[in-house]
Amino acid sequence: MSNIKIAPSLLAADFGNLQRDVEMVNNSVADWHHIDVMDGVFVPNISYGMPVVKAIAAHATKPLDVHLMIIDPDRYIQTFAKLGAEILTVHYEACTHLHRTLQAIKAAGMKAGVALNPHTNINLLEDVINDIDVVLIMSVNPGFGGQSFIENTYTKIKALKELIVKKGASTLIEIDGGVSSSNAKALKDAGADVLVAGSFVFKSSNPTETIKELKNCAN
Ligand code: DX5
Ligand code: ZN
């Protein structure tokens, strides 16, 4: 079985020392930089937009995993491609024409991700799973870091894994929200391929070691 990927969420970084925190991720065993863009409409919070993503991209050496928590994300697909996103994830709940959106993301040269809110059933992806590179299962309600992990996530991971196997898809399963060393192994065992962690990494006394700890306890 392949090694789990760790994607530290820069939402929990120190924005006054953003370059330092991005370089910390560069120099760690992390796999992706997770970048949360929120519009204050789809979610009740505003995080940061293009100028900050551009600043992150200027220093990042690992793939940029951009998680859009915005309505009508099609408007910005080209912009995020130009900014250097490798994976562009949109929310199922924010897309009226999800199939079209996925094709547009791929046509722009990126991998296509779909995020599901905690209430959104895995089965809704049945007809598009072969078009999705990454499914991001929200294990908290999107909008804020530092929330408690929702236990029903394990059931969703198993259902998604079954769907992926049934359809012969090569989709990765990414878990976002409330991830720590206390649930990393159980998430990997349930079928997760990528773990996003914000507060657990950046609020720790040694983020580089915490990323290593997450990876080691999951593998
Ligand atoms: C929440 C974001 C997450 C957030 C996770 O809406 O999508 O990526 O940064 O933060 P933690 O790991 O603190 O739950
Ligand atoms: Zn996220």
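**Exercise 1. Determine which residues of helix α5 are exposed and which are buried, and how the buried ones are arranged.**

Step 1. In this predicted model, Thr155, Glu162, Val165 and Lys166 are the exposed residues on one side of α5, where exposed means 12 or fewer other C-beta atoms within 10 Å of the residue's own, buried means 20 or more, partly exposed lies in between, and C-beta atoms are placed from the backbone. Helices here are DSSP runs of H or I with at least four residues, strands are runs of E with at least two, and both are numbered from the N terminus.

Step 2. The buried residues of α5 are Thr153, Tyr154, Lys156, Ile157, Leu160 and Ile164. Seen down the axis of α5, these residues fall within an arc of 155°, so they line one face of the helix; the arc is taken over the directions from the helix axis to the C-beta atoms.

Step 3. That buried set packs against β6 (134–138), β7 and α6 (184–190), a contact being a pair of backbone-placed C-beta atoms within 7 Å.

**Exercise 2. Compare the span of α5 with its expected value.**

Step 1. Helix α5 covers residues 153–167, which are 15 residues, and at 1.5 Å a residue it should span 21 Å; the expected span is 1.5 Å times one less than the number of residues.

Step 2. The end C-alpha atoms of α5 are 21 Å apart, which agrees. Just after the helix, Gly168 takes a positive phi of about 65°.

**Exercise 3. Locate the annotated active-site residues and describe their surroundings.**

Step 1. An unreviewed UniProt entry places the feature "active site" at Asp36 and Asp176; UniProt positions follow the numbering used here, feature names are shortened, and annotations may be inferred rather than shown by experiment. Although spread over 141 residues of sequence, the two cluster in space, with a largest C-alpha distance of 10.5 Å.

Step 2. Asp36 lies in strand β2 (residues 33–38) and is buried because 25 other C-beta atoms lie within 10 Å. Asp176 lies in strand β7 (residues 172–176) and likewise counts as buried, with 25 C-beta neighbours inside 10 Å.

Step 3. Leaving aside residues up to four places away in sequence, Asp36 touches Ser9, Leu11, Ser47, His67 and Met69, while Asp176, with neighbours within four places also set aside, is in contact with His67, Leu136, Met138, Ser139 and Val196.

**Conventions.** Residues are numbered from 1 along each chain as its sequence is written, while chains are lettered from A and ligands numbered from 1 in the order in which they are written. Local features need pLDDT of at least 70 and side-chain atom pairs count only at pLDDT 80 or more, whereas totals for chains, interfaces and linings use all residues.

Conventions. Contact = placed C-beta atoms within 7 Å.
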